[in-house]
Amino acid sequence: MKTVQLLDSRRANWHELERLCGTLERHRGIRRTTGTSLTRFAELYRAACADLALADAYRLPRETTEYLHQLVGRAHNLLYRGRRIPLAKWLDSLFIDTPPRLVRDRCLHLALVVFWGVFLLFFFLASRDATFAEGFLGKDMVVPLEDMYDDKAERDPDEDAVMTGFYIFNNAGIGLRCFAAGLVFGIGGLPILVYNAAVLGCCFGHMATTPHWGNFSDFVTAHGPFE
């Protein structure tokens with residue numbers, strides 16, 4: 001039997017699937033559907049997916065292919081539609097279930113030890129030697145850092161918006177890189193963690209030796225916790 005004839009012979013199944021889609025939509029999902037109807041719906045959905053693959057492969061008339069695309073998409077959204085999560089359950093997960101899991105998470109313990117250990121080490125080195133930060137961070141980073149927190153510095157309001165966007169982009173980027181690198185045996189994010197701890201520790205240590213420490217510490221303690 002030719003492909004066109006085969007698909008024509010299956011139109012009754014498509015129409016049945018379309019009727020079942022209408023029934024499920026009226027019932028607002030599959031929860032109120034009987035097991036027999038749901039089983040039949042799943043069978044027709046899988047068959048329609050196979051028919052759509054044939055229609056695409058043999059380049060059948062556009063109307064037939066578009067009809068199958070719409071039918072399969074409609075059935076897919078009904079079969080795999082997302083579940084609503086009650087607000088109370090979400091709050092319980094965030095404030096009751098998550099904190100104890102974090103406290104018991106040994107990976108988080110390791111990350112805290114590594115971060116604060118490296119941070120304090122570079123803070124100490126930069127605060128003891130005025131040239132250390134310039135050697136590690138580079139003059140191109142140290143000089144603008146000091147200028148940014150100078151009492152005489154005047155910041156354009158447009159610059160504040162740009163810096164806000166930079167902070168959001170930078171922090172989100174670091175988080176995503178750590179997450180992606182963590183797929184490497186769970187330790188791929190450690191180099192990123194160590195590097196950022198070293199840079200932050202060096203910045204803090206250097207600024208502690210300058211007259212701008214008050215401005216710097218006020219700014220960081222105000223917005224740092226939110227980051």
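# Salt bridges, helix faces and aromatic contacts in an all-helical model

Glu16 and Arg40 form a salt bridge in which the closest N and O atoms are 2.9 Å apart. Glu16 belongs to helix α2 and Arg40 to helix α3, so this contact ties together parts of the chain that are 24 residues apart in sequence. The model is a predicted one.

Arg40 has a further partner, since its side chain also meets that of Glu43 in a salt bridge, with an N to O distance of 3.6 Å. Here both residues, Arg40 and Glu43, sit in helix α3, three residues apart, or about one turn of the helix. An α-helix has 3.6 residues a turn, so residues three or four places apart point the same way. Glu16, Arg40 and Glu43 are thus linked in a network of salt bridges.

The members of this network can be described by their accessibility. Glu16 is partly exposed, because its relative accessibility is 22% and the range for that class starts at 20%. Arg40 is partly exposed at 30%, and Glu43 is partly exposed at 38%.

The structure holds four salt bridges. Another of them joins the side chains of Arg10 and Asp51, at 2.8 Å from N to O. This pair links distant parts of the chain, 41 residues apart: Arg10 is in the loop between α1 (3-8) and α2 (11-26), while Asp51 is in helix α3 (residues 35-57). Asp51 has a relative accessibility of 3% and therefore counts as buried. The table lists the salt bridges described here.

| Salt bridge | N to O distance |
|---|---|
| Arg10 and Asp51 | 2.8 Å |
| Glu16 and Arg40 | 2.9 Å |
| Arg40 and Glu43 | 3.6 Å |

## Overall fold

The protein chain has 11 helices and zero strands. Along the sequence its pattern reads α-α-α-α-α-α-α-α-α-α-α. Of the 227 residues in the protein chain, 27% are buried.

## Helix α4

Helix α4 covers residues 62-79, which is 18 residues. At 1.5 Å a residue the expected span is 26 Å, and the C-alpha atoms at its ends are 26 Å apart, so the two values agree. The buried residues in α4 are Thr64, Thr65, Leu68, Leu71, Val72, Ala75 and Leu78. These residues lie on the same side of α4, because they cover an arc of only 160° around the axis. On the face turned away from that buried side, α4 carries the exposed residues Arg62, Glu63 and Gln70.

## A nonpolar surface patch

Leu87, Trp90, Leu91, Leu94, Phe95 and Ile96 make a nonpolar surface patch of about 640 Å². One of these residues, Leu87, is placed in helix α5 (residues 87-104). Leu87 has a relative accessible area of 60% and is therefore exposed, as the cut-off for that class is over 50%.

## Aromatic contacts

There are 12 aromatic pairs in the structure. One of them is formed by Trp116 and Phe119, which are edge-to-face, with 5.4 Å centre to centre and 75° between the planes. The two residues are three apart in helix α6 (residues 106-128), so about one helical turn separates Trp116 from Phe119. What is the burial class of each ring's residue? Trp116 is partly exposed, at 44% relative accessibility, whereas Phe119 is buried, at 9%.

Phe119 also pairs with Phe123, and this pair is stacked: the centres are 6.4 Å apart and the planes are at 20°. The centre distance meets the pairing criterion, because rings count as a pair when their centres lie within 6.5 Å. Phe119 and Phe123 are both in helix α6, four residues apart, about one turn of the helix. Phe123 has a relative accessible area of 25% and so counts as partly exposed.

These contacts belong to a wider group: Phe115, Trp116, Phe119, Phe123, Phe204, Trp213 and Phe216 form one aromatic cluster.

Terms used. Residues are numbered from 1 along each chain as its sequence is written. This is a predicted model: local features need pLDDT of at least 70, side-chain atom pairs count only at pLDDT 80 or more; totals for chains, interfaces and linings use all residues. Side-chain values use heavy atoms; hydrogens and water are left out. Rings of Phe, Tyr and Trp (its six-membered ring) pair if their centres lie within 6.5 Å; planes under 30 degrees apart count as stacked, over 60 as edge-to-face and the rest as tilted. Buried means under 20% relative accessible area, exposed over 50%, partly exposed in between (1.4 Å probe, protein chains only). The expected span of a helix is 1.5 Å times one less than its number of residues. The arc is that of the directions from the helix axis to the C-beta atoms. Patches are made of residues with over 30% relative accessible area and no salt bridge: like charges are joined within 9 Å, nonpolar side chains (Val, Leu, Ile, Met, Phe, Trp, Tyr) within 5 Å. Accessible areas come from the Shrake-Rupley method with a 1.4 Å probe; for residues, only the protein chains shown count as cover.
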